[in-house]
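The following exercises concern a ligand and the protein around it. Please study the sequence and the structure before reading the solutions.

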Amino acid sequence: MVPGTPLAAPEHQGVTLHRDPDAGYTGILAVHSTTLGPAVGGTRLWTYPDLDAAVADALRLSRGMSYKNALAGLPFGGGKAVVLGPPPRDPAARMRLFRAHGRAIESLGGRFVTGEDVGTTPDDMETIAAETRYVAGRTQGMGDPSPFTARGVLRAMEAAADIVWGDADLGGLRIAVQGLGHVGTSLAGLLHERGARLVVADVDPHRADRARSMWDAEVVAPDDILGVEADILAPCALGGVLDAATVERVRAGVVCGAANNQLATANVDARLQSRGIAYVPDYVANAGGVVSGSVDIAGWDRNRMERALDGIADTVRAVFARAQGEAIPTGQAADRLAEERLRTEAGAPPSE
Ligand code: NAI
């Protein structure tokens, strides 16, 4: 495939626009950093209002991946791919789209490695793999990362419970889960196993009903879940759920969930802090998915991957200690820790 067209992005190592009209393909590959290793980040298939919005999303998400991967202790830089929707309904057209995307990824020669994200599936990763080896999360590899993401969120919750209440046991706690998709469902099952009492909401009533019958979960309306009285609130649906208005409704002691970019604006972090709500930064809590990618991408064995998954709890502790030490919100503390790791390791060879 012809190389993509470079786009201006001064903070990034390289951002390219790729098109294949025959395949109906327009994609953006954003490489934010390769300081710690190849830029790793999912492929998002989404219908944006225009190309600028898609580029802005790719820039923001790829930067976020540099921070997430750095704090998770992975030998990965940060990147993200965005494929412009709408998603084709015809399976053959979908395959053409992802073959074209695979060729675009291949043209970067391994600087960028992708996996699943919103709108893409392990089958799509399989299609991409027909064109490039720089793809993880295939059906034949580690597959769907969501169960690992859910396990990472669980570890983060346990660490937060320990910090806030002096006890990592989630048994008996009331935990509100917003969104019962891939991660939310896995997480709710794990929480139920540990004896937590679940309150759930999903815009899809069937998913909520299933949680009621499987785990005796209390079901509330999607509009009410953020404000339910609970020990822990776990946003596992969309980003941007906590803004200046909704943050005032939160009645949980801890916010810890899988959704990316939970805070609509940076100052929500400070408001959570001033309200005495412990916020586990989203990209710390939800790193389990990309941690599972270490098996396919970096060749880690399962034990090493499992240790990194458990290590999410240590990262949560480090973030809260830093926040307390410097009297800053936890989101800022996480950013500082990630920036330090990126700075310290700049120029050093990535760990094996
Ligand atoms: P998903 O698309 O499978 O599930 C999302 C669920 O949220 C769906 O059941 C949907 O009906 C529900 N939902 C949407 N709007 C809602 C609302 N207003 N109120 C209640 N429910 C609502 O997505 P998935 O994979 O479970 O991911 C969830 C979040 O976690 C996303 O923000 C994603 O970016 C993030 N994430 C996912 C990872 C993964 O491994 N799947 C890894 C890291 C982050």
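A polar contact is a pair of N or O atoms within 3.5 Å. The model used here is predicted.

**Exercise 1.** Determine which polar contacts an oxygen atom of the ligand makes with Ala-258, Asp-202 and Thr-149.

*Solution.*
1. A polar backbone atom of Ala-258 lies 3.3 Å from an oxygen atom of the ligand. This pair falls within the 3.5 Å cut-off and counts as a polar contact.
2. For Asp-202, an N or O atom of the side chain is 2.6 Å from a ligand oxygen atom.
3. For Thr-149, the distance from a polar side-chain atom to an oxygen atom of the ligand is 2.7 Å.
4. As for surface, the ligand taken alone exposes 830 Å², and 77% of that is buried by the protein.

**Exercise 2.** Describe the shell of residues around the ligand.

*Solution.*
1. The ligand is surrounded by 23 residues, and the closest are Thr-149, His-182, Asp-202, Arg-207 and Ala-237.
2. Sorted by class, the shell comprises twelve nonpolar, eight polar and three charged residues.

**Exercise 3.** State whether helix 5 and helix 6 are roughly parallel or roughly antiparallel to each other.

*Solution.*
1. Helix 6 covers residues 205–215.
2. The two axes, of helix 5 and helix 6, are 11 Å apart, and the helices pack at an angle of about 20°.
3. Angles under 35 degrees count as roughly parallel. Helix 5 and helix 6 are therefore roughly parallel to each other.
4. The crossing of helix 5 and helix 6 is right-handed.

Terms used. Residues numbered from 1 in each chain as written. Predicted model: local features only at pLDDT ≥ 70, side-chain atom pairs only at ≥ 80, totals over all residues. Heavy atoms only, no water. Near = heavy atom within 4 Å. Polar contact = N/O pair within 3.5 Å; in protein donor to acceptor, adjacent residues only side chain to side chain. Areas by Shrake-Rupley, 256 points an atom, 1.4 Å probe, with all protein chains shown as cover. Nonpolar A, V, L, I, M, F, W, Y, C, P; charged D, E, K, R; others polar. Axes fitted to C-alpha atoms, helices over the stretch in contact; angles between N-to-C directions. Helix = DSSP H or I, 4+ residues; strand = E, 2+ residues; numbered from the N terminus. Parallel < 35°, antiparallel > 145°, perpendicular 65-115°, else oblique. Left-handed = near helix turned anticlockwise from the far one by under 90°.
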